[in-house]
Every structure is written in structure tokens, then in C-alpha cells.
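Ready to try a few exercises on a structure you haven't met before? Have a go at each task before you read the solution under it.

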Amino acid sequence: MPVLESNGIKTWQWRNQKQILLEYAFWLVLLLVMLACARFIAERTTWSFVLDAPRQGGEMLSRGVPPRWDYMSQLWRPLWDTLTIATLGTALSFVISVPVAFLAARNTTPNLLVRYIALFIIVGTRSVNSLIWALILVIILGPGVLAGTLAIALRSVGFMGKLIYEGIEEINEEPVEAIRSTGASGAQVLSYAIWPQVITNILGVTVYRWDINLRESTVVGLVGAGGIGLQLDASINTLRWNQVSLILIVIFISVFISEWISAKARQALT
Amino acid sequence: MTQATTLSSRKWSPPPLIKNPWVRWGLVVGGIIYLIFAISTLNFDPARVARGIERSGRLLLAFLQPDFTTRGNLIFTGMMESVTMAAISTVAGFIVAVPVGFGASRNLVPMPIYLFCRGLIALSRTFQEVIIAILFVVMFGFGPFAGVLTLTFGSLGFFSKLLAEDIEEIDPMQVEAIRSTGASWLQMVSYAVLPQVLPRMIGLTLYRFDINIREAAILGIVGAGGIGSTLNTSLRRYDYDTASAIILVIIALVMVVELTSGWIRKRVQ
């Protein structure tokens, strides 16, 4: 810690003056950038609408309460579709991402070129939001659950692949050497030394992603890719706020349940 | 020799993940039944897919020759808007998350405040940003303002949940030490709690900026500003060349931000 000396009195300080100045400069720059950003946004905002927001919000709320409970009878099917999108999407992503992860992990990849291709798949699919995947897939496959399922699956590959390959790289190498020293083939090493070490991690990641995917699958319907998002979009477009509020409640409950299941399953795995 | 034969007749197999065979096979059978049932409700329409293949050919072709110039201006301003929205809402989200995070820590505040703040966090974390964005667009009108509010609300839940978890796990000795000097609640928080939890939050801010960039790129689909609206329009108008350019720009931006934020986080820690 630096010492500041003035008038012969020594004072202990946490940082020296150069560091303090740098820190102030950093905050000043950040503040200026934020002010510039705020101005940019303000220029692009219609302020009369913003001023009207409390009235609009109040109206939304007063029309949304009480929710239209009997609309629930039309929501079971979309809810099932949402669950299907999330579950099948996760299953498909599992099938793709496990091999990709083994090819991407430094200790299991056959060669460097394959590793970079696998890493590219992981980074590429992660960068594209599931809603963009859904937009593209709806164009190709037409609106519906299938497009949503594939969108969720593609988006999840990068996420699951990344977590799984990091897990594979962290395994204990001693069992691998032990099995290899018995003259085992590559497939035998994989199934007896590596797989038992990573399977709990892989399942944990899958359950975790399933929970995220249920959340994501509630919105792919907004671009036509099936699930409860379709109903939400239709209700908002026709300003049926009592249906919107019911749908939001349904989403809230199902996300809550999925989070509970995922937490329980992951607890059981470890 | 007799021993060897008995040993070899008992073939070793690795222990199963789930011990109870009933539960294990029950899960497998249940899973298969569910899969068959779920796949049967997929509404797979081969005729529609066949028509889609022609379109996907055009889409693929467009991706091989993206058109950055025709609507270059729109793409540029859209991207600027997305980045600006992400930046300002990360900072704003952090600022509002600090009090909410304190409010959601069981060891610092009375029960009613705790429940209110936890409810706020649950709301923000349950709903996808896009859903929140739709509601904000209805209230605040089209444009980036609704987007900023959406991302701020999303960041609020993210930051305050992690902050609250950190605060609940702090070292209580330091709190007691400061409290024993007769410090007020505010002094206790700023000298005993904040120094313990803030360093990790700085790294998380960069991580959240990452997430916000991704989200800001799509909020435009529902009218909340940013590049998403340009993307949506170009797809609707079958202007696939521009759409592919926009998607490539989004991917590039996300990658650049992820790499730089990862690099900075590594250096800070």
C-alpha cells in the first residue's frame, strides 16, 4: 500500500494518486458515454407516448383484472405444444451437442481441425438468438411446432456444447491412463474411463437447459413457431387484456414448476 | 483354475446411474412413451416442407451473398440503437439492482421488504425479455425507449438475484465489527457489506452487457427498437440479401463483444 507524505505526516492509502486519477478518469468517461447514449435514445423517443404511459398502463391493468378464467380451456393445447417444443428441442440438442462437445474438448478430439470446426459450431449457434432461428425456420418449414422445436434445439447446441466440453476437459486423467494401459481401444476408453466421469455433468446441463428452453419456448410463438406465444400474440393484437393476463399467469406457473423440477433433478444427480 | 472360471463367468459391468431398477426402467419407458406422443403432435407436414426447400435454397443463396450496402444506412443506425440500448440499460439495471439486491437479502431487511424485492426478481426472471418488451411497447409506444426499459428490467432481476445471494453469504464478522463501533445501517452496508460483494459484480456487469447485446438485437421484432425491426421487415419483404447481412452483422457483433468482455474479465480478476 502506498504512503502519502504531506507536512511530514505519513498517511496510509489504499491506492496511490495515479491509480486514483485513473479511476476518476474511467468514471468520467463512462459518465460521458452514458450521457451520449441517453441523448441518442431520447432523440428517438416519442415523448408524448411516454408521458401517456401511466394512463395506458392503468388501462391495461384494469382490463386485465380479473383474468378470463374460462379461456383456460383453449390454453391446454398451446401449453402442451410449448412443453413439446422445450422437451423435444432439448432432446435434439442433446443428440447434437454431445458428439460436438467430444470433438471440441482438447483431450478427446481426433485432431485440431475437427476441434476448430466443433468450436465454430458451438460459438455460431450461441450467437444467434432462438427468435432469429425461429424467424428463419418459419420461412423454411412454415409456421408451427416443428419450426419452434428446431429453433430451440439449434440455439441450445452452443450452450450445452460449451458447458459439456468444458466438463470433459476437466476430467481426471488417471482412470483414462489406467484403462488405456490395459490395451483398451479408443471406444473402450471412452465408455469405461471418460463417459462415467462426465455423464452426470451432461445430464445436469441438459436438465438446466430444458428449464431455460421452457422459458424460451413461450416466446417463439410470437413469430409463428408454435406454443403459447401464438395465443399471447393473438390476444395482444386484439387487445383482449383479460386473456393476456391469464396467459401470463399460466407462463409464470409453468416456468416456476419447471424450475422446481430442474432443481430437484440436478440435486438428485449430484 | 476353478476360481478363474467362476470369475470369468461373472462379467463385470459398470454400476448404473440410478440404483433402483424399477425407477430406472420406469423413467426409460415413460420417456419413450412421452417422446412418441410428443412427436405425434408435431404436425409434420411434408408438402409444406417441400415448398420450404425451394425458399430455403433462396435463403441459403442469399446468405452466401449478403447485401450490406442497399440498406446500409438502416443496418448501421439499427446496430447503433441496439448497442446504445444495451449499454445504457446495463448501467441503469446495475444502479437499480443494488437497492433491490439489498432488499432481497434475508439477513439485512425486514420480511415485507424482502418479499416485495424477491417478487420483483421472480417477475423479471420468469418472463422472457420479449414478452416484457411487448407490454412496454403498448405502454410507452414504439421505439428504443421501451427497449431500454425492458433490458433494464431484465438486468435488474439478473443483478439483484446474484447480489442478494452474495450478500446472504458474506462474512458476518466484518458486519459485527463495524456495527460494534456504533455505525448506522447505511455505514454498516457501505463499509462491511459492499466491499465484500461489489468486486464480483463488476465482472458480472460485462457478462450482462453480453446478454443485453443479444437481446437488444431481437427486441425490434416486437417494436422495441434496435436492429431487430429492420431484420423483421426485410424477412417479411422476402429481402433475404439484406436479412442475411443483418444476421451476419449481429453474429459478428455478438462475437466481438463476447471476446472482448471475456478478455477484460480475465484481466480484471
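**Exercise 1. Find how many salt bridges there are between chain A and chain B, and look at one of them.**

*Solution.* Keep in mind that this is a predicted model. Step one is the count: three salt bridges between chain A and chain B. Step two is to zoom in on one of them, where the side chain of Arg44(A) meets that of Glu81(B), with N and O 2.7 Å apart. Step three widens the search to polar contacts, and seven residue pairs turn up across the interface of the two chains. Step four asks which element of chain A gives the most to the side touching chain B: that's helix α6 (residues 130–141), with eight residues. Finally, sort the residues on that side of chain A, and you get 39 nonpolar, 12 polar and six charged.

**Exercise 2. Work out how many residues each chain brings to the contact, and what area is buried between them.**

*Solution.* Start with the residues: chain A puts in 57 and chain B puts in 58. Next comes the area, about 5,300 Å², with 78% of it from carbon and sulfur atoms. Then pick out the top three on chain A's side: Ile41(A), Trp80(A) and Ile139(A) supply 12% of what chain A buries against chain B, more than any other three residues.

**Exercise 3. Say which residues have the most contacts inside the largest nonpolar core, then follow one of them.**

*Solution.* The largest core holds 117 residues, and the ones to look for are Leu75(A), Ile132(A), Leu232(A) and Leu231(B). Let's follow Leu231(B): beyond its neighbours within four places in sequence, Leu231(B) is in contact with Ile132(A) and Leu135(A) from chain A, plus Ala243(B), Ile246(B) and Ile247(B) from chain B. Apart from this core there's another one, of 24 residues, including Leu119(A) and Ile171(A).

**Exercise 4. Decide whether Glu216(A) is buried or exposed, and do likewise for Ile251(B).**

*Solution.* First find Glu216(A), in helix α9 (residues 186–217) of chain A. Its relative accessibility is 7%, so Glu216(A) counts as buried. Setting aside residues up to four places away in sequence, Glu216(A) touches Ser130(A), Ile152(A), Arg155(A), Arg209(A) and, over on the other chain, Gln128(B).

Now hop to helix α11 (residues 240–268) of chain B, where Ile251(B) sits. The cut-off for buried is under 20%, and Ile251(B) has 18%, so Ile251(B) is buried too. Leaving out neighbours within four places, its contacts are Ser127(A) and Val128(A). One last check: Arg214(B) is 37 residues from Ile251(B) in sequence, with 9.0 Å between their C-alpha atoms.

Note on methods: Residues are numbered from 1 along each chain as its sequence is written. Chains are lettered from A and ligands numbered from 1 in the order in which they are written. This is a predicted model: local features need pLDDT of at least 70, side-chain atom pairs count only at pLDDT 80 or more; totals for chains, interfaces and linings use all residues. Side-chain values use heavy atoms; hydrogens and water are left out. Contact means heavy atoms within 4.5 Å. Buried area is the accessible area (1.4 Å probe) that two parts lose on being put together, summed over both. A salt bridge is a side-chain nitrogen of Lys or Arg within 4 Å of a carboxyl oxygen of Asp or Glu. A polar contact is a pair of N or O atoms within 3.5 Å; within protein, one must be able to donate a hydrogen and the other to accept it, and residues adjacent in sequence count only if both atoms are side-chain atoms. Helices (H or I, at least four residues) and strands (E, at least two) are DSSP runs, numbered from the N terminus. Ala, Val, Leu, Ile, Met, Phe, Trp, Tyr, Cys and Pro count as nonpolar, Asp, Glu, Lys and Arg as charged, and the others, Gly among them, as polar. A nonpolar core is a set of buried Ala, Val, Leu, Ile, Met, Phe, Trp, Tyr and Cys residues joined through side-chain atoms within 4.5 Å. Buried means under 20% relative accessible area, exposed over 50%, partly exposed in between (1.4 Å probe, protein chains only).
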